[in-house]
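Got the viewer open? Here's a short tour, one selection at a time.

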Amino acid sequence: MAFCSKCGAEIKDGSKFCEACGANTGADKKEGNKMDFSDAVSNFNNTDDYTSGMDRSDVENNKAMGVLAYLSWLVIIPLFAAKDSKFARFHTNQGIVLAIFELIWWVVEGIIAAVFSIIPVVGLIVNLVLGLVNILFLVLAIIGIVNAINGKAKELPIIGKIRVIK
């Protein structure tokens, strides 16, 4: 049961206005602000797309190299094997940035985990929470792989704007 915030009268579910006083119930605002999971994922992955500046044959010939770029340190394969491909270089850059952030995170995570491992229960909880960040790296790698397979040169969310190679 919902009640009008202005007069206190009972409001029927889904009504936009109170029948007693005519006040706006805000039902239309609640629906407009509702964001489901697919909207959140879409907004997270709403990054710059450079596919239009790529040669179509280059994209088709180097999709595998684009995928390799996101498989951790296998990024060195496209770095040297497809150095003339604009598409592979784009994904190689994204993969290198991801690998660097992963490496930095592993060092930070190890230090924090070592410090908190002294405290039995707290150390376990801290390790679990720190481990959740690794899921973010996995998600970013999957997004990059999907983009490469689909022939898109889209930046990764969060870290995609960083350039380490040209």
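Start with the whole protein chain: its radius of gyration is 24 Å, whereas a compact globule of 166 residues would come in near 15 Å. Keep in mind that this is a predicted model. Line the view up with the principal axes, and the C-alpha atoms fill a box of roughly 75 × 55 × 20 Å. Of the 166 residues, 34% count as buried. The chain exposes about 10500 Å², and carbon and sulfur atoms supply 65% of that area.

Now switch to cartoon and colour by secondary structure. You should find seven helices and two strands. Trace them from the N terminus and the order reads β-β-α-α-α-α-α-α-α. If you like contact maps, here's one number to go with the trace: among contacts between residues at least 6 apart in sequence, 57% join residues at least 24 apart.

**Stop 1: the aromatic pair**

How many aromatic pairs does the structure hold? Just one. Select tyrosine 50 and phenylalanine 90: their rings are tilted, with 5.8 Å from centre to centre and 55° between the planes. The two partners come from distant parts of the chain, 40 residues apart: tyrosine 50 sits in the loop between helix H2 (37–44) and helix H3 (56–61), and phenylalanine 90 belongs to helix H6. Turn on the surface and compare the two. Tyrosine 50 is partly exposed, because its relative accessibility is 35% and that class runs between 20% and 50%. Phenylalanine 90 has 11%, so it counts as buried, the cut-off being under 20%.

**Stop 2: tryptophan 105**

Stay on helix H6 and move along to tryptophan 105. Buried or exposed? It is buried, with a relative accessible area of 17%. What does tryptophan 105 touch, once its neighbours within four places in sequence are set aside? Select Leu130, Val133, Asn134 and Phe137 to see its contacts. For a distance label, try tryptophan 105 to leucine 132: they are 27 residues apart in sequence, and their C-alpha atoms are 12 Å apart in space.

**Stop 3: the nonpolar patch**

Next, bring back the surface and select Trp73, Leu103, Trp106, Val107, Ile111, Val115, Phe116, Ile118, Ile119 and Val122. Together they form a nonpolar patch on the surface with about 950 Å² of accessible area. Which helix gives the patch its largest share? That's helix H6 (residues 86–116), with six residues. To check one of the patch residues, click on valine 115, which is found in helix H6.

**Stop 4: two positive phi angles**

Finish with the backbone. Most residues other than glycine have a negative phi. Serine 72 goes the other way, with a positive phi near 55°. Look for serine 72 in the loop between helix H4 (63–68) and helix H5 (76–81). Serine 72 is partly exposed, at 28% relative accessibility.

The other one to pick is isoleucine 158, in the segment after helix H7 (120–149). Its phi is near 75°, again a positive value in a residue other than glycine. Isoleucine 158 counts as exposed because its relative accessible area is 63%, and the cut-off is over 50%.

Conventions
Residues are numbered from 1 along each chain as its sequence is written. This is a predicted model: local features need pLDDT of at least 70, side-chain atom pairs count only at pLDDT 80 or more; totals for chains, interfaces and linings use all residues. Side-chain values use heavy atoms; hydrogens and water are left out. Helices (H or I, at least four residues) and strands (E, at least two) are DSSP runs, numbered from the N terminus. Buried means under 20% relative accessible area, exposed over 50%, partly exposed in between (1.4 Å probe, protein chains only). Patches are made of residues with over 30% relative accessible area and no salt bridge: like charges are joined within 9 Å, nonpolar side chains (Val, Leu, Ile, Met, Phe, Trp, Tyr) within 5 Å. Accessible areas come from the Shrake-Rupley method with a 1.4 Å probe; for residues, only the protein chains shown count as cover. A salt bridge is a side-chain nitrogen of Lys or Arg within 4 Å of a carboxyl oxygen of Asp or Glu. The radius of gyration is taken over C-alpha atoms; the globule rule is 2.2 Å times the number of residues to the power 0.38. Contact means heavy atoms within 4.5 Å. Rings of Phe, Tyr and Trp (its six-membered ring) pair if their centres lie within 6.5 Å; planes under 30 degrees apart count as stacked, over 60 as edge-to-face and the rest as tilted.
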